[in-house]
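Student: I'm new to this one, could you walk me through it?
Tutor: Gladly; here it is.
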Amino acid sequence: MQAIGFTVNGGAVSVSADGDTPLLDVLRNRLGLVGTKFGCGAEQCGSCLVLIDGAPAKSCGTALSTVAGKTVVTIEGLGTRERPHPLQQAFLDEQAGQCGYCLSGILIAAKALLGKNPAPSRREIALALDDNICRCGSHPRILRAVERAAAQLRAGAGQ
Ligand code: FES
Ligand code: FES
């Protein structure tokens with residue numbers, strides 16, 4: 001057991017836990033950040049994606065010890081109900097999702113994509129989301145939502 005310090009959504013945290021503890025468990029059970037979802041627990045579905053130092057990572061397969069000193073962003077760090085991130089607003093506008101279980105992971109993957117490619121083609125969006133499973137089959141609307149958000153961000157929408 002050791003105290004491991006890192007930053008989550010802009011705030012410093014220190015968690016005393018075994019270094020092998022999955023980051024997903026720490027986020028959900030110790031820090032109350034339940035927006036990040038447990039799907040497969042085997043790095044196969046993408047529902048647990050977070051950004052670590054800006055890169056998407058499957059938190060179910062990320063040991064707590066590996067995020068020491070790093071910056072983690074979860075879906076709670078993207079936007080708020082009052083001030084949604086343009087991606088979140090675009091997903092609402094396109095009604096991109098049914099049960100919603102996959103969406104926090106998909107939004108994180110999309111944020112990482114748009115951070116490095118502000119004008120992705122539909123194929124590039126699909127490839128960026130290739131590791132994210134949506135069992136509701138909402139893919140066409142999800143693709144449209146990412147395109148809409150990209151256009152809005154290019155036009156100068158916030159965040
Ligand atoms: S819960 Fe992590 S990839 Fe499925
Ligand atoms: S909206 Fe239900 S799994 Fe994607």
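Tutor: A definition comes first: two strands pair if DSSP finds at least two bridges between them. Please keep in mind throughout that this is a predicted model.

Student: Okay, so how many bridges join β1 to β2?
Tutor: Strand β1, residues 2-8, is joined to strand β2, residues 11-17, by 7 bridges, and the two strands run antiparallel.

Student: And which residue of β2 does Val 8 stand opposite?
Tutor: Val 8 faces Gly 11 in β2, and the two strands make a hairpin with 2 residues between them, where Asn 9 in the turn has a positive phi of about 50°.

Student: Switching to helices, at roughly what angle do the axes of α2 and α5 cross?
Tutor: The axes of α2 (residues 86-93) and α5 (residues 139-154) come within 8 Å and cross at roughly 135°, and the two helices are therefore oblique to each other. The crossing in which α2 passes α5 is right-handed.

Student: Which residues make that contact?
Tutor: From α2 they are Pro 86, Leu 87, Ala 90, Phe 91 and Asp 93, while α5 brings Ile 142, Ala 145, Val 146, Arg 148, Ala 149, Gln 152 and Leu 153. By type, the residues of this contact of α2 with α5 comprise 9 nonpolar, 1 polar and 2 charged.

Student: What about burial, which residues of α2 are buried?
Tutor: Pro 86, Leu 87, Gln 88, Ala 90 and Phe 91 are the buried residues of α2, and they pack against α3 (103-116) as well as α5.

Student: And what's just after α2?
Tutor: Just after α2 comes Gln 95, which takes a positive phi of about 50°.

Conventions. Residues are numbered from 1 along each chain as its sequence is written. Chains are lettered from A and ligands numbered from 1 in the order in which they are written. This is a predicted model: local features need pLDDT of at least 70, side-chain atom pairs count only at pLDDT 80 or more; totals for chains, interfaces and linings use all residues. Side-chain values use heavy atoms; hydrogens and water are left out. Axes are lines fitted to C-alpha atoms, for helices over the stretch in contact, and angles run from 0 to 180 degrees between N-to-C directions. Helices (H or I, at least four residues) and strands (E, at least two) are DSSP runs, numbered from the N terminus. Angles under 35 degrees count as roughly parallel, over 145 as roughly antiparallel, 65 to 115 as roughly perpendicular and the rest as oblique. A crossing is left-handed if the near helix is turned anticlockwise from the far one by less than a right angle, and right-handed if clockwise. Contact means heavy atoms within 4.5 Å. Ala, Val, Leu, Ile, Met, Phe, Trp, Tyr, Cys and Pro count as nonpolar, Asp, Glu, Lys and Arg as charged, and the others, Gly among them, as polar. Buried means under 20% relative accessible area, exposed over 50%, partly exposed in between (1.4 Å probe, protein chains only).
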